[in-house]
Amino acid sequence: MDKLSDQQLFKQFSYINGSWHSSETQLEVTNPATGECIARVSNSGITETNMAIKAAKNAFKMWSEKSANERAKLMRNWFDLLMQHQDDLARILTLEQGKPLNEAKGEIAYGAAFIEWFSEEAKRVYGDTIPAPANDKRIVVIKQPVGVVASITPWNFPNAMIARKAGAALAAGCTFVARPASETPLSALAMAELAERAGIPAGVFNVVVGDDAKGMGKVLSEHPDVAKFTFTGSTAVGKILIGQCASTVKKVSMELGGNAPFIVFDDADIDAAVTGAIASKYRNAGQTCVCTNRILVQQNVVTEFTEKYTQAVTKLNVGDGTIEGISIGPMISKKAAKQVDKLVDESIKAGAKLVYGGKFDSAGDNFYQPTILTHVNNDMPIASNEIFGPVSPIISFADEHQAIQLANDTEYGLAAYFYSRDIGRIWRVSEGLEYGMIGVNEGLISNAAAPFGGVKQSGNGREGSKYGLDDYLEIKYLCMGGI
Ligand code: SIN
């Protein structure tokens, strides 16, 4: 952290009601590339979570009564500051999360784009008028902020997942309590420091850091003063949180797990498909919900694709993300790397063939080699589980019908990708895939203007885009009579 040009961005306390709060105990934040302790952050718990909710509740009237233009201006200041400090924020992110510095810089710009997008969208929260069934009545619809929003976000995108939620919430006029992953709290705290500098008033954006995930999660999802709960993480945890939200009938948004198919048809531009698959698979070392999880290739081009794909994978460099030229950083923990290794081993035992990688990397304990398996089928552990690691299982298929059937054969429905140059096929396959987001001849689909979200057990609600704002608004119907 001594290389930061602005040392004030390195914060080790929770941020509640515009002040920094210490606690009796601390939690250690470690660099997953080296195992080194890089920070000791105050370990907040249930008491501080309740304090943050109270602060957000008290600030709600003031924030929601500001004009959309006033809120937009403060959010724009926040966006400008996030971008001005992009290098420092990226460094903090790489040190606590592991992704290569250039990817971390990309995440800071990606996160900031949500603050910018929603600052502009704040001014476009339009209502409606509807023709009434009787002449003496008028029907008017207005939109209002839901109230206090609580969020729980994961370690794989320590900045952007908070920005995507907080941007929409603050633009709508809601106040916000963030509980970042305890592995990666420093990015969230740096965002809070910049929110304060931007002039966002006390209580509007709060960050509580603590390792009592269950206890804090229970308070955030059950508290009667929280009107909306938003979560990004695993489907298993999402189900528990949805259950807890039911006790107070909260509005919920869930961005849960995925098992993204990446389909290469025989009419595809194979070189473009290779480039797209590398980008989609190996971003963040494969630790992304929308990462390609299964590569489905039409059988008459599987040899050509596999050869070209393997060539491209050999060029990926594994190592500490702070080193220039590294494309694959560490897994978040040794446990995570072991889980990936287990899926690879079990699938090889079940008949998959190892073409490349398949081992821990010499760069350190948490590093896993980019790996390619062929002769995989949909029932093997590497295909039926969300890998969350740098492994590419290749499955071959005969025709379009089988490709769609294999792609949909999962409880997940977040992102899917396919490559084809046939316009008829592009429509048929786009419509046939049971996923919330489809990349057509494109491996990277995320941006602030587009609706991010899944179907089936990948969750509900949308983040980003004009649809993302609606998730933080209530519709109120006014029936005007006696006219
Ligand atoms: C995620 O892994 O949930 C987020 C990925 C993205 O925003 O592209």
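In the analysis of this predicted model, a pocket is an open set of grid points with protein on both sides within 12 Å along at least five of seven lines. The largest pocket defined in this way has a volume of about 1,200 Å³. Its lining comprises 40 residues, of which Trp-155, Glu-183, Gly-233, Ser-234 and Val-237 are the closest to the centre of the pocket. Divided by class, the lining of the largest pocket consists of 19 nonpolar, 14 polar and seven charged residues. Several elements contribute to this surface, since at least two lining residues each are supplied by helix 7 (213-222), strand 10 (226-232), helix 8 (235-246) and helix 11 (334-349). Helix 8 gives the most to the lining, with six residues.

The second largest pocket holds about 390 Å³ of space and is lined by 20 residues, with Glu-103, Ala-279, Tyr-282, Arg-283 and Leu-444 lying nearest its centre. Eleven nonpolar, five polar and four charged residues make up the lining of this second pocket, to which helix 4 (101-121) and helix 9 (270-282) each supply at least two residues.

Enclosed space was examined in addition to the open pockets, and the structure was found to hold two cavities of 30 Å³ or more. The largest cavity contains about 120 Å³ of space, and of the 16 residues that line it, Phe-157, Met-161, Arg-164, Cys-289 and Phe-452 are the closest to its centre. The lining of the largest cavity divides into nine nonpolar, four polar and three charged residues. In the second largest cavity, the space amounts to about 30 Å³, and the residues that line this cavity are Tyr-15, Gly-18, Ala-195, Glu-196, Ile-200, Pro-201, Ala-202, Gly-203 and Phe-205. By class, the lining of the second largest cavity has six nonpolar residues, two polar residues and one charged residue.

The packing of helices was considered next. Two packed helices are described by the angle between their axes and the distance between the axes. Helix 4, which supplies at least two residues to the lining of the second largest pocket, packs against helix 3 (residues 86-97) at an angle of about 120°, with the axes 8 Å apart. Helix 3 and helix 4 are therefore oblique to each other, and helix 3 passes helix 4 in a right-handed crossing. On the side of helix 3, the contact involves Gln-86, Asp-87, Leu-89, Ala-90, Arg-91, Leu-93 and Thr-94, whereas helix 4 contributes Leu-101, Ala-104, Lys-105, Glu-107, Ile-108 and Ala-109. Seven nonpolar, two polar and four charged residues take part in this contact of helix 3 with helix 4.

Helix 4 also packs against helix 5 (residues 160-172), and here the axes come within 8 Å and cross at roughly 5°. Because angles under 35 degrees count as roughly parallel, helix 4 and helix 5 are assigned to that category. In this pair, Glu-107, Tyr-110, Gly-111, Phe-114, Ile-115 and Phe-118 of helix 4 meet Ala-160, Met-161, Ala-163, Arg-164, Gly-167, Ala-168 and Ala-171 of helix 5. The contact of helix 4 with helix 5 contains nine nonpolar, two polar and two charged residues. Glu-107 of helix 4 is listed in the contact with helix 3 and also in the contact with helix 5. Met-161 and Arg-164, which belong to the helix 5 side of the contact, are among the residues closest to the centre of the largest cavity.

A further pair is formed by helix 9 and helix 10 (residues 302-313), which pack at an angle of about 50° with their axes 10 Å apart. That angle makes helix 9 oblique to helix 10, and the crossing of helix 9 past helix 10 is right-handed. Ile-270, Asp-271, Ala-273, Val-274, Ala-277, Ile-278, Lys-281 and Tyr-282 of helix 9 meet Glu-304, Phe-305, Lys-308, Tyr-309, Ala-312 and Val-313 of helix 10. Ten nonpolar and four charged residues, with no polar residues, compose this contact of helix 9 with helix 10. Tyr-282 of helix 9, which takes part in the contact with helix 10, is also one of the residues nearest the centre of the second largest pocket.

Definitions and conventions. Residues are numbered from 1 along each chain as its sequence is written. This is a predicted model: local features need pLDDT of at least 70, side-chain atom pairs count only at pLDDT 80 or more; totals for chains, interfaces and linings use all residues. Side-chain values use heavy atoms; hydrogens and water are left out. On a 1 Å grid over the protein atoms alone, a cavity is a set of points where a 1.4 Å probe fits but cannot get out, and a pocket is an open set with protein on both sides within 12 Å along at least five of seven lines; lining residues have an atom within 4 Å of a point. Grid points are joined across faces, edges and corners, and a volume is the space filled by probe spheres set on the points. Helices (H or I, at least four residues) and strands (E, at least two) are DSSP runs, numbered from the N terminus. Ala, Val, Leu, Ile, Met, Phe, Trp, Tyr, Cys and Pro count as nonpolar, Asp, Glu, Lys and Arg as charged, and the others, Gly among them, as polar. Axes are lines fitted to C-alpha atoms, for helices over the stretch in contact, and angles run from 0 to 180 degrees between N-to-C directions. Angles under 35 degrees count as roughly parallel, over 145 as roughly antiparallel, 65 to 115 as roughly perpendicular and the rest as oblique. A crossing is left-handed if the near helix is turned anticlockwise from the far one by less than a right angle, and right-handed if clockwise. Contact means heavy atoms within 4.5 Å.
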